[in-house]
Amino acid sequence: MNLTVIGTGYVGLVTGTCFAEMGNKVYCVDIDENKINNLKEGVIPIYEPHLATMVIDNQDKNNLFFTTNLKEALDDSNIIFIAVGTPEADDGSVNLDFVFTVAKQIAENITKDSLIVTKSTVPVGTGFKVKEIINDNKINDINISIASNPEFLKEGVAIEDCLHPDRVIIGTEDEKSAEILKELYAPFVANHERFILMDVKSAEMTKYVANAMLATKISFMNEIANICEKTGANVQSVRLGIGSDKRIGYKFIYAGCGYGGSCFPKDVKGLINTSVEHGYVPNILSMVDEVNESQKMIIVEKITNRLGNDLSNFTFGVWGLAFKPQTDDVRCAPSITIISELLKRGAKVKAYDPKAVETFKREVESDNIEYVDSKYDVLDDADALILITEWKEFRTLDLYELSKRLNQKIIFDGRNIYPKRIEEEGFELYQIGC
Ligand SMILES: NC(=O)c1ccc[n+]([C@@H]2O[C@H](COP(=O)([O-])OP(=O)(O)OC[C@H]3O[C@@H](n4cnc5c(N)ncnc54)[C@H](O)[C@@H]3O)[C@@H](O)[C@H]2O)c1
């Protein structure tokens, strides 16, 4: 099949490459010329395991093309995926400017009947607005159908998720579009069918509800951690106690310093906004977001409780800036809140992340942050270690190095990954809910 994927970010680049991997001819289109030129040279703009090799291989096989020329792509495809960003607007609503601009650009360049598939996460009803914009602005006499095919990949394991999806949600207006998308996805679900077919609006809603449910589990458990801390219970034991119940399960019930990323925060707010627009106030969702915002401050509170509010005499070693391991994405990462709050109180920060330093530098500018090249270098002259992102290389502590380099043997563990027994070695260990 010949496809165009518009938007070559985390989602468009990964899904376009995976479609190419299955033997389709894929045009990945972006307005960012620099990004497209780099991709043509095999330079990948994001860190995502296994992606670089697949991009290079599929370009070599002439399955994958990068271009800024939408017309060239549309002339040679009849399935068009929209995968541009849908960021949060200032008022918490979803900014659909990129999606609607793409709809106009499609209208101005489309020359044949096509299926327009929205892969971006968009509020209920957006697909029909896209259709209206294309039909109102098209310059050629063509027919389009629309579909919603939300994406569930997780950054860090995006290729694996894309090649072996848990399910493929296909929301269409007609059976023919559903058949086209089933055929396209058949190689991805070859061992057993995992299609879930529905109408367009329900598919759009499914994506928000999936993210909102996962975010709810996290905020719920963070709230429980805070209750555990007040009462002397240990949230780690409680997690094991409840996770063993099959109805609850072990996933997404880890207490920590809050969720971040480009999806959960904006999608929870987006769903709240959609509900309010339709006259319903969603109490649970509002609290999920609120609890998460306060949770990002928990580590800062623990630090100021221990060292005081004036941190001008302190330097903190920070491990982990990305919003989660295995990605360079720092959008809405707890590291941004935590480090900014420490800087506000006069602190100096030494930071290390295996992949996310450059992206973090674009979010927080300060002469009081020093970036170092190895995890132990953050400890030199630091008064405490703060663990924010649980990359694998941070999981095991070399207590000798820590004792030798840190000014004070204090660890703030924002992900509850260190064993209590290090307290026996003279360390002060501050965790969440235990
Ligand atoms: N990142 C994730 O983990 C993830 C997972 C599932 C769903 N989503 C959703 O997928 C969508 C895309 O997310 P992302 O993280 O890939 O975004 P991104 O910001 O990484 O990439 C968006 C890309 O679209 C390009 N773009 C903008 N306007 C364009 C236009 N008119 N024509 C061509 N290209 C254009 C930008 O230059 C950018 O490269 C969002 O709706 C997001 O919520 C993201």
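**Exercise 1.** From which domains does the shell around the ligand draw at least three residues each?

*Solution.* Start with the division of the chain. This is a predicted model, and its domain assignment lists domain 1 (2–198), domain 2 (207–294) and domain 3 (296–430). Next, look at the shell: domain 1 and domain 2 each contribute at least three residues to the surroundings of the ligand.

**Exercise 2.** Describe the shell around the ligand by its residues and helices.

*Solution.* Begin with the count. The ligand is surrounded by 27 residues, and D30, K35, T86, E155 and K266 are the closest. Then sort the shell by residue class: 11 are nonpolar, nine are polar and seven are charged. Last, turn to the helices. At least two shell residues come from each of helix 1 (10–21) and helix 5 (97–109). With three residues, helix 5 gives the largest share.

**Exercise 3.** Find polar atoms of the protein that pair with the ligand, and state how much of the ligand is buried.

*Solution.* A polar contact requires N or O atoms within 3.5 Å. Take the side chain of K35: one of its N or O atoms is 2.6 Å from an oxygen atom of the ligand. In the side chain of S262, an N or O atom is 3.4 Å from a nitrogen atom of the ligand. At I31 the partner is a polar backbone atom, 3.5 Å from a ligand nitrogen. For the area, the ligand taken alone exposes 840 Å², and the protein buries 89% of that.

**Exercise 4.** How many residues of domain 1 are in contact with domain 3, and which three supply 77% of the area that domain 1 buries there?

*Solution.* First the distance: the C-alpha centres of domain 1 and domain 3 are 38 Å apart. Then the contacts: eight residues of domain 1 meet nine residues of domain 3. About 710 Å² is buried between these domains, with 45% from carbon and sulfur atoms. On the domain 1 side, Y10, Y47 and E155 supply 77% of the buried area, more than any other three residues. E155 also appears among the residues closest to the ligand.

Terms used. Residues numbered from 1 in each chain as written. Predicted model: local features only at pLDDT ≥ 70, side-chain atom pairs only at ≥ 80, totals over all residues. Heavy atoms only, no water. Near = heavy atom within 4 Å. Polar contact = N/O pair within 3.5 Å; in protein donor to acceptor, adjacent residues only side chain to side chain. Areas by Shrake-Rupley, 256 points an atom, 1.4 Å probe, with all protein chains shown as cover. Helix = DSSP H or I, 4+ residues; strand = E, 2+ residues; numbered from the N terminus. Nonpolar A, V, L, I, M, F, W, Y, C, P; charged D, E, K, R; others polar. Domains from an automatic or database assignment. Contact = heavy atoms within 4.5 Å. Buried area = accessible area lost by both parts, 1.4 Å probe.
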